[in-house]
Amino acid sequence: MAGRRIVITSGKGGVGKTTTTANLGAALAKRGYKVVLVDTDIGLRNLDLVLGVEKRIVFDLVEVVEGRCQVRQALIRDKRFTSLHLLPAAQTRDKTAVTEAQMDALIGELAEEADFVLIDCPAGIEHGFRNAVAGAREGIVVTTPEVSAIRDADRVVGKLKERGLPHTLIVNRIRPEMVASGEMMTVDDVRDVLRTEILGIIPDDEEVIDTTNRGEPLVLDPNQRLAPIYLKIARRLEGEKIPLTRLESQTFLTKLFSIWKAG
Amino acid sequence: MLDFFKSLFKPQGSGATAKERLRLVLLSDHLSLAPETIDALKADLFDVFSRYFEYDASQAEVTFDHREREVAMLASVPILRVRERTLPPVALAPVAVAVAPDPPAIAEPEPELEPVEAEAVEAGPAPVAALEPEKLPIAPAAPRPRKRRRKRNAAASNGKAGVQPGLSAGHSAQA
């Protein structure tokens, strides 16, 4: 059976698409699935850097599409999670180098052999977005609880609806103490405004920067605070019913201790 | 701990403001309406209202509510009293029908209603002012009973006329 083809998108840049793709991919791989991550941000590739495999790139997505190499030659296998693979974007080409039909065919080919193909989408809703979405059959919209990110996420949700793609939402960089004091939109607010089911809630945490600096997906280390959160999201993606942790509805003391257990 | 208690009694923070601003901007995004267009719509709406009622402008509001498949416009307009008609009723009747849903008729105790009604009628310049309030329901002029009925509804809902014109934008909301 062909694997799932999921685009991870947001509209706005800088909300955590690439970090989410890397960590969710690693979490799925850790749970035993064969996962291919595809960086479709041609000209601005970064997923390789976040995963820490930037020195191992030989061929890229555009070269595969143009027939200069086989898909398997371009795939980089992660040394820490052996069922995790990356198809890197081209860095010196532009987004028009690939068509929607080519992307659809390529992702289809990858899904033949993988359980999950996660497509890291470029910011915006132009050519690069259309390419990334063309290869997908479902979507995950990443947003942060900020007005600009949510408005852009709304546009993306509309685009996914137009294409008939089922989609869920990951709310990234929630700060529970700000939610508690009313200075940040709650997860319920975000869900109400976007009218989209929530797949996961990820608290704002410095360890994301720290692990990204080193190019290590944080699910690698079970002691990382966010690791169980990404693993929970992975399980929800598999279809398991795990209730969301309501960060903002807890009392002060439980909140203090549960920030690390969110998801 | 102090922060927590503060947050309990604190008025709504900027999170609520963000949500409200987003609701509004997404509405205009979805309907492809500029915010100025929505403002103009509100102004026109209140203009029409003011032909029929004197209302409390400081409390009047028009909001938009996202439903499952549509956007509904809700107007909440506290009515102070009914105006006498100065424009031809024929031209205005469709508007009146459009903004008045048919809520179940509520039997309103007459004494509560009459003083307001009488006051409004007396204030008006039209010749109907001479009519006794009790005679209004059987007055021959077509628009009178409707106006009176709405007045009752307004009184029944504590001076607020809940208006749902059903401005639904099912398709454009999905765009």
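Which residues in H2(B) are buried? Let us take the sheet of chain A first and then return to that helix. This is a predicted model, in which local features need pLDDT of at least 70 and side-chain atom pairs count only at pLDDT 80 or more, while totals for chains, interfaces and linings use all residues. Residues are numbered from 1 along each chain as its sequence is written, and chains are lettered from A and ligands numbered from 1 in the order in which they are written.

**The sheet of chain A**

Eight strands (DSSP runs of E, at least two residues, numbered from the N terminus) form an open sheet with mixed pairing, in the order E3-E4-E2-E5-E1-E6-E7-E8. Strands E3 (76-77) and E8 (198-203) each have a single partner strand, so one side of each is left without a neighbour in the sheet. Pairing requires at least two bridges found by DSSP; E2 (residues 35-39) and E4 (residues 84-87) of chain A run parallel over four bridges. Here A:Val38 stands opposite A:Leu87.

Two helices (DSSP runs of H or I, at least four residues) of chain A lie on these strands. Contact means C-beta atoms, placed from the backbone, within 7 Å. Angles run from 0 to 180 degrees between N-to-C directions of lines fitted to C-alpha atoms, for helices over the stretch in contact.

| Helix | Strands touched or crossed | Angle |
|---|---|---|
| H5(A), residues 100-113 | E1, E2, E5 | about 145° with E5(A) |
| H7(A), residues 147-162 | E1, E6, E7 | about 170° to E6(A) |

**Helix H2 of chain B**

In H2(B), B:Ala18, B:Lys19, B:Leu22, B:Leu26 and B:Leu27 are buried (20 or more other C-beta atoms within 10 Å of a residue's own, placed from the backbone). B:Ser32 follows H2(B), with a positive phi near 55°.

Conventions. Two residues are in contact if their C-beta atoms, placed from the backbone, lie within 7 Å. A residue is buried if 20 or more other C-beta atoms lie within 10 Å of its own, exposed if 12 or fewer, and partly exposed in between; C-beta atoms are placed from the backbone.
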